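Work through the exercises below with the structure open. Each task is followed by its solution.

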Amino acid sequence: MVMIEVDARGKACPEPVIRTKKALDDIQDGVVVTFVDNEVARNNVMKLAKSRGYAANFAVTEDGFSITIEKGNAEVDEEVLVDTHDLVVLVTSACLGKGDDRLGAILMKSYLTALCETSPLPKRMFFINSAVRLTAEGSDVVPLIQKLADQGVSIESCGICLDYYHLKETLAVGSITNMYDVTETLNQAKKVLTL
C-alpha cells in the first residue's frame, strides 16, 4: 500500500489543502498523512477528504495534528455532490451594492431577511473580503445568518479574510474555509450568485 506524507506545518491557507489534494491525485489507492499546525488547516483538510468520500481521521501531535486519509474504493456522499451543483452565494462585501455604505448595510440586512423566507435556499454561502464582518461577533445580521445555517445552509467564511480583519477569534456563525474550497466549489456550481 502506498503511503505519502505531506508536511504542511507553517503553510498559509489554502496551501495545506492544495498539497493534500496533489498527494491524493498522485495515487490510485493508499494513504496520505498530512501534518498541520492549527485547527483551521485540520478542518479544511478533513473537509477535502469528506468531499471526495475518503475515510479520514486525525490525531493530536506534539506540534499540531496529523490527518490520515485513505484513498481507495471511496463511496462518495451524494449529498456532498449535490451541494457543489446547486445554488452557491458568494458574498464579497459587508454592504449590498455600490454607493453609500449605510444604505448598503440596510440593503444587506434586507436581503438576508428575505433570503431566510425564500425557497429553495442556497446550499452554501461563502463570505469573503469585508463580508466576513457579517459572520463575526457584533454584526447585527448574525441572527439572520444563523437562521440560514439552522435551515441547512452551509455558512463559510474565508480564513485569509478573517485573519486580515483580525476577526478569526470572533467568528460567531458558520465555519472557516479556504480559497481552494471556494474556487473549486464555484467552478463546479451550476448557479452562483455574487453579492
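The charged end of R42 sits over the ring of F65, 4.7 Å from the ring centre. The model is a predicted one.

**Exercise 1.** Find the other ring that has R42 over its face, and give the distance.

Solution. R42 lies over the face of F58, at 4.3 Å from the ring centre. The cut-off for a charge over a ring is 6 Å from the ring centre.

**Exercise 2.** Count the aromatic pairs and classify the one formed by F58 and F65.

Solution. Step one: the count comes to two aromatic pairs. Step two: the ring centres of F58 and F65 are 5.9 Å apart, with the planes at 80 degrees. Step three: planes over 60 degrees apart count as edge-to-face, so F58 and F65 form an edge-to-face pair. Step four: Y164 and Y165 also form an edge-to-face pair, with 5.1 Å from centre to centre and 85 degrees between the planes.

**Exercise 3.** Assign F58, F65 and Y164 to buried, partly exposed or exposed.

Solution. Buried means under 20% relative accessible area, and exposed means over 50%. F65 has 10% relative accessibility, so F65 is buried. F58 has 37% and is therefore partly exposed. Y164 has 62%, so Y164 is exposed.

**Exercise 4.** Name the residues that make the nonpolar surface patch of about 270 Å², then place L107.

Solution. The patch is made by L103, I106 and L107. L107 is found in helix α4, which covers residues 101–115. At 37% relative accessibility, L107 is classed as partly exposed.

How values were computed
Residues are numbered from 1 along each chain as its sequence is written. This is a predicted model: local features need pLDDT of at least 70, side-chain atom pairs count only at pLDDT 80 or more; totals for chains, interfaces and linings use all residues. Side-chain values use heavy atoms; hydrogens and water are left out. Rings of Phe, Tyr and Trp (its six-membered ring) pair if their centres lie within 6.5 Å; planes under 30 degrees apart count as stacked, over 60 as edge-to-face and the rest as tilted. Buried means under 20% relative accessible area, exposed over 50%, partly exposed in between (1.4 Å probe, protein chains only). A charge sits over a ring if NZ of Lys or CZ of Arg is within 6 Å of the ring centre and within 35 degrees of the ring normal. Patches are made of residues with over 30% relative accessible area and no salt bridge: like charges are joined within 9 Å, nonpolar side chains (Val, Leu, Ile, Met, Phe, Trp, Tyr) within 5 Å. Accessible areas come from the Shrake-Rupley method with a 1.4 Å probe; for residues, only the protein chains shown count as cover. A salt bridge is a side-chain nitrogen of Lys or Arg within 4 Å of a carboxyl oxygen of Asp or Glu. Helices (H or I, at least four residues) and strands (E, at least two) are DSSP runs, numbered from the N terminus.
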